[in-house]
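Please look over the sequence and the model below. The paragraphs after them go through a few helices and one loop residue.

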Amino acid sequence: MSFRSVHSCIGSLGSDLSLLADGVLLVDREMSKSGALDLATGVGGKIKKEDVQSAVEQYEKYHVCFGGGEETRKANYSDMVNKYYDLATSFYEFGWGESFHFAPRWKGESLRESIKRHEHFLALQLGLKPGMKVLDVGCGIGGPLREIARFSSTSITGLNNNEYQISRGRELNRVAGLSESCNFVKADFMKMPFPDNSFDGIYAIEATCHAPDAVGCYKEIYRVLKPGQRFAVYEWCMTDHFDPDNESHQKIKAEIELGNGLPDIRTTKQCLDALKLAGFEVISEKDFAVDSPVSWYLPLDTSQFSITSFRLTSFGRFITRTMVKTLEFVGIAPAGSNRVSSFLEKAAEGLVEGGRKEIFTPMYFLLVRKPLSES
C-alpha cells in the first residue's frame, strides 16, 4: 500500500470513528470533535516533532516508576507540567472533549451532561453575575471557561502556563464567539501577573494539584481575589483511606502522578489546612466522590461499555492505540507518541484502582472566602 493510501485510510478511520458496526455504536460528538489526524499532529504541542521522544524520556524520568523523586518533581514542576500537557493534550481532547475533568454523575446522565452540571455548580457557588470579572486557574484549553461564561454571562480570564493549550483555547473561543468576553494569560499560577484584589471570583478545576506548594499557590489566589469574594476548587487528593505504608496504595499513587503530571498528591486534610494557612475562611468542603450515584471513574473502567463515551472504553482505546502506532510508524505522528498513549493508559488504571479502593478522589470540593478585613 502506498503512503498516500495509508494516509487516506487513517484519515477515514479518524473521521468515521464516531460510526462503528453499521451505525450500531455512536460516539457522542459533543464529547470529542477531533479526528485521528488531529490527534497525531497535535502530539507534542509546541515541542518540535523531532524532539518529542526525548521529551517523553525526560518527562518519565521525573517519576517514581522511572527512578524519579518527589523533590525533583517539585523543583522542576514547571518544566514537568509543560512537557506533560504538550504531550498529552491532543489525547485528552480526542478522548474526553474540551473539559479535562471528572464529575459526580446521576444514573441516566451522560458524561458530558455531568461535566456541564459540575461546572454550573461552581458558578452558582461563587454567586457569579453578569459583569463580574472571573479567573480560571489552570484553565486547560478552556472548556469550563466557555461553559461557565455562557452560563453566568461573566468575563473570564484563563490562566495557563502551557503555550499549546492557550493556542487551542483561543481558537476554540473564536469558534464559540467568545473572544471578546474570554481571554487567556500565559503565566505560572505560583507567580500571577495580576494586581492585588483584581477578581470578583476565582475557581480551579483539578488544576492546582500541579502546584509544588499548596499554601504558596493558594496565597497567590488569595492575593488577586477581591476582599469578601469567593474561591471554589475541585482538588485531586488522597483520602483518609490512603495508607502511605501500603505498597499497593503507593503504586496506585505513583501511577496517577506519572500519568497526570503531578509532583505529589496531597491529602484532603493537607488541602483544607493549606487554604486556612493562606488566609481563607472555609464556607464548605465535601468529597463529591463519596456519594456519587455513578462512580466517577466509570468512563475509564475497561470492564464497562459506553456508547456515548466509546473512545474511553476498552475497545475504543484499542482502536486509538492501533491508530497511534500506525500513524507513528508511517511518520505522521512523531516518534514517542505511542509511549505517551501508554503512560496515559497506565494512569487510567491507577485512577480506576484508586477510585475502587476509595483512596483517591478527583473532586474534593472546597468553597472559601477572602475576609473583608485582613486584620
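Which side-chain oxygen reaches the backbone nitrogen of Tyr164 at the start of α8? The oxygen belongs to Asn162, and it lies within 3.3 Å of that nitrogen. The model is a predicted one, and the distances and angles here are computed from it.

Helix α8 covers residues 163–176, 14 residues in total. From its first C-alpha to its last it reaches 20 Å, which is close to the 20 Å expected at 1.5 Å a residue. Just after the helix comes Gly177, with a positive phi of about 75 degrees. Within α8, the buried residues are Tyr164, Gln165, Ile166, Gly169, Leu172 and Asn173. These buried residues pack against three helices and two strands: α2 (36–42), α5 (77–96) and α7 (143–152), together with β4 (155–160) and β5 (182–186).

One of those partners, α7, also packs with α6, the helix of residues 111–126. A pair of packed helices is described by the angle between their axes and by the distance between the axes. For α6 and α7, the axes come within 9 Å and cross at roughly 60 degrees. Angles from 65 to 115 degrees would count as roughly perpendicular and those under 35 as roughly parallel, so α6 and α7 are oblique to each other. The crossing is right-handed. On the α6 side, the residues that meet α7 are Arg112, Lys116, Glu119, His120, Ala123 and Leu124. Their counterparts in α7 are Gly143, Pro144, Glu147, Ile148 and Phe151.

Farther along the chain, Thr208 sits in the loop between β6 (199–205) and α9 (214–224). Is this loop residue buried or exposed? Thr208 has a relative accessible area of 1%, and buried means under 20%, so Thr208 is buried. Its side chain makes a polar contact with the side chain of Glu235, at 2.5 Å. Apart from neighbours within four places in sequence, Thr208 is in contact with Val137, Phe189, Val233, Glu235 and Arg266, and also with Cys217, Tyr218 and Ile221.

Tyr218 appears again where α9 packs with α11, the helix of residues 268–277. The axes of α9 and α11 are 8 Å apart, at an angle of about 45 degrees, and the two helices are therefore oblique to each other. Their crossing is right-handed. Ala214, Val215, Tyr218 and Lys219 are the α9 residues that meet α11, where the partners are Cys271, Ala274, Leu275 and Leu277. Tyr218 thus takes part in the α9–α11 packing and is in contact with the buried Thr208.

Notes
Residues are numbered from 1 along each chain as its sequence is written. This is a predicted model: local features need pLDDT of at least 70, side-chain atom pairs count only at pLDDT 80 or more; totals for chains, interfaces and linings use all residues. Side-chain values use heavy atoms; hydrogens and water are left out. Helices (H or I, at least four residues) and strands (E, at least two) are DSSP runs, numbered from the N terminus. The expected span of a helix is 1.5 Å times one less than its number of residues. Buried means under 20% relative accessible area, exposed over 50%, partly exposed in between (1.4 Å probe, protein chains only). Contact means heavy atoms within 4.5 Å. A polar contact is a pair of N or O atoms within 3.5 Å; within protein, one must be able to donate a hydrogen and the other to accept it, and residues adjacent in sequence count only if both atoms are side-chain atoms. Axes are lines fitted to C-alpha atoms, for helices over the stretch in contact, and angles run from 0 to 180 degrees between N-to-C directions. Angles under 35 degrees count as roughly parallel, over 145 as roughly antiparallel, 65 to 115 as roughly perpendicular and the rest as oblique. A crossing is left-handed if the near helix is turned anticlockwise from the far one by less than a right angle, and right-handed if clockwise.
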